[in-house]
Amino acid sequence: MKYFDAHSHYTHGKFNRDRHGLFAEMQKEGVAYIVDCAGEGKNRDLALQLARKYDFYYVCTIDDHYYKTDWDYEARAGEINRLVDETVVKLKKLCEENKKIVAYGECYIDFRKVEKTAEEVRKQSFWFGKDLEVARKVGLPPLIHSGNADQEAFDVIKQTDMPDYGYGKGMLHCYLGPPQMALDYIDLGYLISISGLVTHRSARGKNLVEVVKKVPLTHMLIETDCPYLTPEPFRDRRNDSTLLRLTVEEIAKIKNLYPEEVAEQTMANAKAFFGIGES
Ligand SMILES: [Zn+2]
């Protein structure tokens, strides 16, 4: 069985000791592709280096050049648009030079650590919208991170005119929203990515089981978000892509399919979505 891990963080310090050995083991265990969400700066440099060394390794990046969340975004709209344009030029060049950059993100909206006041919602929605704008202008599909922001994220995404990159306009990373909303996202042309939380017997895990029941396999991606979100029964351990097998098995059980079918279809979806051909 072969897998595609659509979202991981292998530039994280938790992998500094054993990254290369782990990659060798992962490939033996059937991990055929990973998309590493590396952010920017030193982590991105490392990711691009790893992408040159490992055929199975692809990169998702972001740039915070325009991300001035302490600015009065209404008063300084012109300046912000200029920074967005500069970012787009810079990223387009980077993508030209590095063909293994396949997505933009994490495009971020999250109210888990701040109070969800009307002003905070307006502010975060604005910056989240700017992330989506950069993704669209660079020509990369956005990878979306939404935390306690189900409706707010949906409202911004719904208003954003995003092109379809062959197999979906963007990916809802580690989807935790309501099952019906997952279908609404699919109607908008987005893909739903399921993490190892589906194996957890928490409220989030139980909700995710209902999401998996509803979302057709043709619109599903799978991810580890490693080193985070380790599936059961290894919850206290560092996560890595070899454990994606447990998520595949859980999805198969929920949908009454063979694990091979889940692995194969999510692989085909991810390859089409990220534009990765046969290798
Ligand atoms: Zn992540």
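Which strand holds Tyr58? Tyr58 sits in β3, the strand that spans residues 57-61. This is a predicted model, and Tyr58 is a good place to enter it. Is Tyr58 buried or exposed? Tyr58 is buried, because 25 other C-beta atoms lie within 10 Å, and the cut-off for burial is 20 or more. Setting aside neighbours within four places in sequence, its contacts include Tyr33, Ile34, Val35 and Asp36. Ala51, Lys100 and Val102 also touch Tyr58. So do Phe274 and Ile276. Take Tyr33 from that list. Tyr33 and Tyr58 are 25 residues apart along the chain, yet 7.5 Å separates their C-alpha atoms.

Now step back to the whole chain. The protein chain has nine helices and eight strands. Its C-alpha atoms fill a box of roughly 55 × 40 × 35 Å along the principal axes. The radius of gyration is 18 Å, which agrees with the value near 19 Å for a compact globule of 279 residues. Of these 279 residues, 42% count as buried. Contacts reach far along the sequence. Among those between residues at least 6 apart, 71% join residues at least 24 apart.

Turn next to helix α4, residues 118-138. Helix α4 has 21 residues. From first C-alpha to last it reaches 30 Å, close to the 30 Å expected at 1.5 Å a residue. An α-helix has 3.6 residues a turn, so residues three or four places apart point the same way. Which residues of α4 are buried? They are Gln124, Phe128, Lys130, Asp131, Leu132, Glu133, Val134, Ala135 and Val138. Charged residue names stand in that list beside Leu132 and Val134: Lys130, Asp131 and Glu133. What do the buried residues pack against? Their partners are two helices, α3 (77-97) and α5 (150-159), and two strands, β4 (101-110) and β5 (142-147). Just after α4 comes Gly139, with a positive phi of about 90°.

Helix α5 leads on to α6. Two packed helices are described by the angle between their axes and the distance between the axes. The axes of α5 and α6 come within 11 Å and cross at roughly 10°. The two helices are therefore roughly parallel to each other, since the angle is under 35 degrees. From α5, the residues Asp150, Phe154, Ile157 and Lys158 take part. They meet Met181, Asp184 and Leu188 in α6.

Helix α6 (residues 179-188) also packs on α7 (residues 203-214). Here the angle is about 40°, and the axes are 8 Å apart. α6 and α7 are therefore oblique to each other. Their crossing is right-handed. At this contact, α6 supplies Pro179, Ala182 and Leu183. α7 answers with Glu210, Val211 and Lys214.

The backbone deserves a closer look. Most residues other than glycine have a negative phi, and most peptide bonds are trans. Where does the chain depart from this? One cis peptide bond runs from Gly105 to Glu106, with omega near 10°. Glu106 lies in strand β4. Another cis bond runs from Cys226 to Pro227, with omega near 15°. Pro227 belongs to the loop between β8 (220-222) and α8 (244-255).

That loop between β8 and α8 also holds Asp225. Asp225 is not a glycine, but its phi is positive, near 55°. Asp225 is buried, because 21 other C-beta atoms lie within 10 Å. Asn148 also has a positive phi, about 50°, although it is not a glycine. Asn148 lies in the loop between β5 and α5. Is Asn148 buried or partly exposed? With 14 C-beta neighbours inside 10 Å, Asn148 counts as partly exposed.

Finish at Pro163, in the loop between α5 and β6 (171-172). Pro163 is exposed, because 10 other C-beta atoms lie within 10 Å. Setting aside neighbours within four places in sequence, Pro163 is in contact with Arg136 and Lys169. Pro163 and Glu264 are 101 residues apart in sequence, and their C-alpha atoms are 26 Å apart in space.

Technical notes
Residues are numbered from 1 along each chain as its sequence is written. This is a predicted model: local features need pLDDT of at least 70, side-chain atom pairs count only at pLDDT 80 or more; totals for chains, interfaces and linings use all residues. Helices (H or I, at least four residues) and strands (E, at least two) are DSSP runs, numbered from the N terminus. The radius of gyration is taken over C-alpha atoms; the globule rule is 2.2 Å times the number of residues to the power 0.38. A residue is buried if 20 or more other C-beta atoms lie within 10 Å of its own, exposed if 12 or fewer, and partly exposed in between; C-beta atoms are placed from the backbone. Two residues are in contact if their C-beta atoms, placed from the backbone, lie within 7 Å. The expected span of a helix is 1.5 Å times one less than its number of residues. Axes are lines fitted to C-alpha atoms, for helices over the stretch in contact, and angles run from 0 to 180 degrees between N-to-C directions. Angles under 35 degrees count as roughly parallel, over 145 as roughly antiparallel, 65 to 115 as roughly perpendicular and the rest as oblique. A crossing is left-handed if the near helix is turned anticlockwise from the far one by less than a right angle, and right-handed if clockwise.
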